[in-house]
Amino acid sequence: MTSDQYIWARARDELVQTVVQMGFPEELGHQMAKQLGSPKAMDRMKAYLLYEKPDSIELVVDEMLAICSEIDAWREKKANEETNAQYNVMLNSRRFEE
């Protein structure tokens, strides 16, 4: 097991354990870990569970979806920044050619 795999597995196991300790089904924890997709997101979800102590599956899933949405927005922002940077390089290179 690589270091990254160990970190991912630890985050998954801790999230599942937290979900089960709160009285929710273990499968919910596994599905959330799969959906969240990164140790940082799983740790963030675990922190939410421990701090807010939600009492319904709907609240838990809603927060998971919010975290996923924020991650997707961040990825899109980074992709747009990269595209914009490449476009600026192209514009600057054209200026020097003229």
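Which residues line the largest pocket? I shall take that question as the way into this structure, which is a predicted model.

The answer is Ser38, Lys40, Ala41, Arg44, Ile71, Trp74 and Arg75. The volume of this largest pocket is about 190 Å³. By character, its lining residues comprise three that are nonpolar, one that is polar and three that are charged. As for where the lining comes from, at least two residues are supplied by helix H3, which covers 39–52, and at least two by helix H4, which covers 57–97. On the principle behind such a search, a probe the size of a water molecule is rolled over the atoms, and this shows where empty space is left.

Let me now place the pocket in the chain as a whole. The chain contains four helices and zero strands. Read from the N terminus, the order of elements is therefore simply stated as α-α-α-α. The overall dimensions come next. Along the principal axes, the C-alpha trace spans about 70 × 35 × 20 Å. The radius of gyration of the chain is 19 Å, whereas a compact globule of 98 residues would have a value near 13 Å.

Turning to exposure, 26% of the 98 residues count as buried. The accessible surface of the chain amounts to about 7200 Å², and carbon and sulfur atoms account for 53% of that area. With regard to contacts, I consider those between residues at least 6 apart in sequence; of these, 61% join residues at least 24 apart.

I should like to close with two individual residues. The first topic is the loop between H3 and H4, where lysine 53 lies. What is notable in its backbone is a positive phi of about 50°, although lysine 53 is not a glycine. Is lysine 53 buried or exposed? Its relative accessible area is 57%, and because the cut-off for exposed is over 50%, lysine 53 is classed as exposed.

The other residue is alanine 79, which is located in helix H4. Here the relative accessible area is 42%, so alanine 79 is partly exposed, a class that runs between the 20% and 50% limits. How far is alanine 79 from histidine 30, in sequence and in space? The two residues are separated by 49 residues in sequence, and their C-alpha atoms are 29 Å apart in space.

Methods: Residues numbered from 1 in each chain as written. Predicted model: local features only at pLDDT ≥ 70, side-chain atom pairs only at ≥ 80, totals over all residues. Heavy atoms only, no water. 1 Å grid on protein atoms, 1.4 Å probe; cavity = no way out; pocket = protein on both sides within 12 Å on 5 of 7 lines; lining within 4 Å. Points joined across faces, edges and corners; volume = space filled by probe spheres on them. Nonpolar A, V, L, I, M, F, W, Y, C, P; charged D, E, K, R; others polar. Rg over C-alpha atoms; globule rule 2.2 N^0.38 Å. Buried < 20%, exposed > 50% of the residue type's maximum accessible area, 1.4 Å probe, protein only. Contact = heavy atoms within 4.5 Å. Areas by Shrake-Rupley, 256 points an atom, 1.4 Å probe, with all protein chains shown as cover.
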